[in-house]
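Got your viewer open? Keep the selection box handy, and we'll go from stop to stop together.

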Amino acid sequence: MSIRGFLDDVSPSQASGWAFSPEERRGLLVQAMLNTEIIGEAIANIERPDLREAGIGDGRCGFTIEFRRQIDPAYLPFIAVKPDGSDVEFTRWHPTGLGEFLSALYRGHPANGRHRSLFGGLWTCLLYTSPSPRD
């Protein structure tokens, strides 16, 4: 079976994107997973005019998966969305949830340091778990 798809957005309560297979007329069942736990699923059958114009089926292949529980923002980068029964995850265009992940990381570890990088002001977050032996 040939499957194409994409993960557009992930938030603490839902994930959205599109999934298409020419063999599946009613829409694919897609699942959101965190580790091995299925946290939500939906049929990819929402009308998407952008996909119809791009020639991806009739455009009825969008999905929005409502999660069964609110997900801690620190885990958003680790949510995988894939067709039911497949091991292949849909690609993300950008690191969805990265901002929420870093905010949650900093809230959970307030002793972390932030500094400006050498690359023009890009902020990074450092995890200090134990002092170095030289301290």
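## First stop: Val-81

Start by selecting Val-81. Setting aside residues up to four places away in sequence, Val-81 touches Leu-7, Ala-15, Gln-31, Ala-32, Phe-63, Ile-65, Glu-89 and Phe-90. Show those side chains too, and keep them on screen for a moment.

One thing to know before going on: what you have open is a predicted model.

## The cores

Which residues touch the most other members of the largest nonpolar core? Val-81 is one of them, together with Phe-63, Ile-65, Phe-67 and Ile-79, in a core of 19 residues. Now colour the strands that feed this core. At least two residues each come from S1, S2, S3, S4, strand S6 (60-66) and strand S7 (79-83). The top contributor is S3, which gives 4 residues.

There is also a second core, separate from that one, made of 5 residues. Select Trp-18, Phe-20, Leu-51 and Ile-56, which are among its members.

Stay on Phe-20 for a bit. Phe-20 belongs to strand S2, which covers residues 14-20. What does Phe-20 contact, if you skip its neighbours within four places in sequence? The list is Ser-2, Ile-3, Arg-4, Leu-28, Ile-56, Gly-57 and Cys-61. Next, draw a distance line from the C-alpha atom of Phe-20 to that of Asp-58: the two are 38 residues apart along the chain, and the line should read 9.9 Å.

## The three-stranded sheet

Now hide everything except S3, S4 and S7. These strands make an open sheet in the order S4-S3-S7, and the pairing is antiparallel. S4 and S7 are the edge strands, each pairing on one side only. Ignoring direction, neighbouring strands here are turned against each other by 20 degrees on average.

Zoom in on S3. Is this strand mostly covered or mostly open? Of its 7 residues, 6 are buried, so to speak under cover. Then look at how S3 joins its two partners:

- S3 and S4 pair in the antiparallel sense over 7 bridges. Select Met-33 to see one example, with Ile-38 in S4 as its bridge partner.
- S3 and S7 also run antiparallel, over 5 bridges. Here you can pick Val-30, whose bridge partner in S7 is Pro-83.

While you have these strands in view, there is a handy general pattern to know. Side chains in a regular strand alternate between the two faces of the sheet.

## The turn at Asn-35

Follow S3 to its end and select Asn-35. Where does Asn-35 lie? This residue is in the loop between strand S3 (28-34) and strand S4 (37-44). S3 and S4 form a hairpin, with 2 residues between them. If your viewer shows backbone angles, check phi: for Asn-35 the value is near 60 degrees, which is positive even though the residue is not glycine. Is Asn-35 buried or exposed? Asn-35 is exposed, with a relative accessible area of 70%.

## The five-stranded sheet

Bring back the rest of the chain and pick out S5, S6, S2, S1 and S8. They are the 5 strands of another open sheet, ordered S5-S6-S2-S1-S8, with mixed pairing. Look at the two ends of that order. Strand S5 (46-47) and strand S8 (91-92) are the edges, and each has a single partner strand, so one side of each has no neighbour in the sheet.

For a closer look at one edge, select S1 (residues 4-10) along with S8. They pair in the parallel sense over 2 bridges. Click on Phe-6 and then on Thr-91, its bridge partner in S8.

## Zooming out

Switch to a cartoon view of the whole chain. How many helices and strands are there? The chain has 2 helices and 10 strands. Trace them along the sequence and you should get β-β-β-β-β-α-β-β-β-α-β-β.

Here are some whole-chain numbers to go with that view:

- The chain has 135 residues, and 36% of them are buried.
- Among contacts with a separation of 6 or more, 50% link residues 24 or more positions apart.
- About 8,800 Å² of the chain is exposed, and carbon and sulfur atoms supply 53% of that.

## Last stop: confidence

Finally, colour by pLDDT. The average for the chain is 80, and 70% of the residues score at least 70. Now select residues 126-130, where the pLDDT is below 50. Beyond near neighbours in sequence, this stretch has 9 contacts in the model.

Key
Residues are numbered from 1 along each chain as its sequence is written. Side-chain values use heavy atoms; hydrogens and water are left out. pLDDT is the predictor's confidence in each residue, from 0 to 100. Contact means heavy atoms within 4.5 Å. Buried means under 20% relative accessible area, exposed over 50%, partly exposed in between (1.4 Å probe, protein chains only). Two strands pair if DSSP finds at least two bridges between them. Accessible areas come from the Shrake-Rupley method with a 1.4 Å probe; for residues, only the protein chains shown count as cover. A nonpolar core is a set of buried Ala, Val, Leu, Ile, Met, Phe, Trp, Tyr and Cys residues joined through side-chain atoms within 4.5 Å. Axes are lines fitted to C-alpha atoms, for helices over the stretch in contact, and angles run from 0 to 180 degrees between N-to-C directions.
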